[in-house]
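Biologist: Before we go through the details, could you show me the chain and pick one residue from which we might begin to read it?

Modeller: Here it is, and we can work outwards from a single residue.

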Amino acid sequence: MAYSDEPVLVPPARRWSPKVIGLTTLVLLLVGGILSIPLYQKNLDHEAHDVRRGHHQGALYEITIEGRPHTLELGWIAPAFSAVLSPAPAPDAVLEVSADFGRETLSWNVGENRFGPGTTRIDPHAHHKVKLTLRQGGAVVWRDSLWLYGLHDTHGHSH
């Protein structure tokens, strides 16, 4: 048997295989996604607490339609979506609403001075991102995506 003083290099054993790294990454992403849901909801609740509210307790937005400032209140009337626009639009104006609760086209209600209420029931405490398109005479005069923040439920806590 012959011996040599040359070192024999042995490659180090892999500590992590690509399968283990991929599976660990997948599990961490899944757990992170699940944990982010309550944090996202808590952030929306915080936003709902701080949003400006109108006369009907809806979220108020300052918008510009055809170069003129308007105030839009997104809320609900018994318990369907409704929007109040001030100053009032032309009587033929319609508001197209699209959200996770459905899609509706609401006419301007001159007697009640608002769009709607719609036909889809919504929870007044839930938050929804709504896509809005205002049309007058068939032409689009304004569109945007805004939050319909539900009522902030304090459960007796004062803030």
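Modeller: Leaving aside residues up to four places away in sequence, T133 touches V94, L95, E96, V140, W142 and R143. T133 itself is in strand 7, and please keep in mind throughout that what we are reading is a predicted model.

Biologist: Is T133 buried or exposed?

Modeller: The general idea is that a residue counts as buried when its relative accessible area is under 20%. T133 has 11%, and therefore it is buried.

Biologist: How far in space is T133 from W108?

Modeller: Sequence separation and spatial separation are to be read side by side, and here T133 and W108 are 25 residues apart in sequence, with 13 Å between their C-alpha atoms. A second pair to read in this way is D100 and K131, which are 31 residues apart along the chain and have C-alpha atoms separated by 9.9 Å. D100 belongs to the loop between strand 4 and strand 5, and with a relative accessible area of 63% it is exposed.

Biologist: What pattern does the chain follow when it is read along the sequence?

Modeller: The pattern is α-β-β-β-β-β-β-β-β, which corresponds to one helix and eight strands.

Biologist: Where is L23 placed, then, and how far is it from Y61?

Modeller: L23 is in helix 1, which covers residues 18–50, and the C-alpha atoms of L23 and Y61 are separated by 45 Å, although only the 38 residues of sequence separation would be read from the chain numbering. L39 is found in helix 1 as well, and between L39 and P79, 40 residues apart in sequence, the C-alpha distance is 27 Å.

Biologist: Do these two helix residues count as buried or exposed?

Modeller: The cut-off for exposed is over 50% relative accessible area. L23 is at 54% and so counts as exposed, and L39, at 60%, is exposed too.

Biologist: What radius of gyration does the chain have, and what would a compact globule of 159 residues have?

Modeller: The radius of gyration is read against a reference value: a compact globule of 159 residues would be near 15 Å, whereas this chain has 27 Å. Taken along the principal axes, the box filled by the C-alpha atoms is roughly 105 × 45 × 30 Å. As for burial over the whole chain, 31% of the 159 residues count as buried, and the accessible surface comes to about 10900 Å², with 59% of it belonging to carbon and sulfur atoms.

Biologist: Turning to the backbone, which sign of phi and which form of peptide bond should I expect in general?

Modeller: Most residues other than glycine have a negative phi, and most peptide bonds are trans. Against that background, the peptide bond from S86 to P87 is cis, with omega near 0°, and P87 lies in the loop between strand 3 (80–86) and strand 4 (94–99). A cis peptide bond also joins G116 and P117, with omega about 10°, and P117 is placed in the loop between strand 6 (114–115) and strand 7 (128–136).

Biologist: What is the phi of E66, and what is the phi of N113?

Modeller: For E66 phi is positive, near 50°, and the residue sits in the loop between strand 1 (59–65) and strand 2 (68–77), where its 55% relative accessibility makes it count as exposed. For N113 phi is likewise positive, near 60°; N113 is in the loop between strand 5 (102–109) and strand 6, and at 39% relative accessibility it counts as partly exposed.

Biologist: How many aromatic pairs does the count come to?

Modeller: The count comes to three aromatic pairs. One of them is formed by W147 and Y149, whose ring centres are 5.9 Å apart with 20° between the planes, and this pair is stacked; the angle decides the class, because planes under 30 degrees apart count as stacked. W147 is buried, with a relative accessible area of 18%, and Y149 is buried at 9%.

Terms used:
Residues are numbered from 1 along each chain as its sequence is written. This is a predicted model: local features need pLDDT of at least 70, side-chain atom pairs count only at pLDDT 80 or more; totals for chains, interfaces and linings use all residues. Side-chain values use heavy atoms; hydrogens and water are left out. Helices (H or I, at least four residues) and strands (E, at least two) are DSSP runs, numbered from the N terminus. The radius of gyration is taken over C-alpha atoms; the globule rule is 2.2 Å times the number of residues to the power 0.38. Buried means under 20% relative accessible area, exposed over 50%, partly exposed in between (1.4 Å probe, protein chains only). Accessible areas come from the Shrake-Rupley method with a 1.4 Å probe; for residues, only the protein chains shown count as cover. Rings of Phe, Tyr and Trp (its six-membered ring) pair if their centres lie within 6.5 Å; planes under 30 degrees apart count as stacked, over 60 as edge-to-face and the rest as tilted. Contact means heavy atoms within 4.5 Å.
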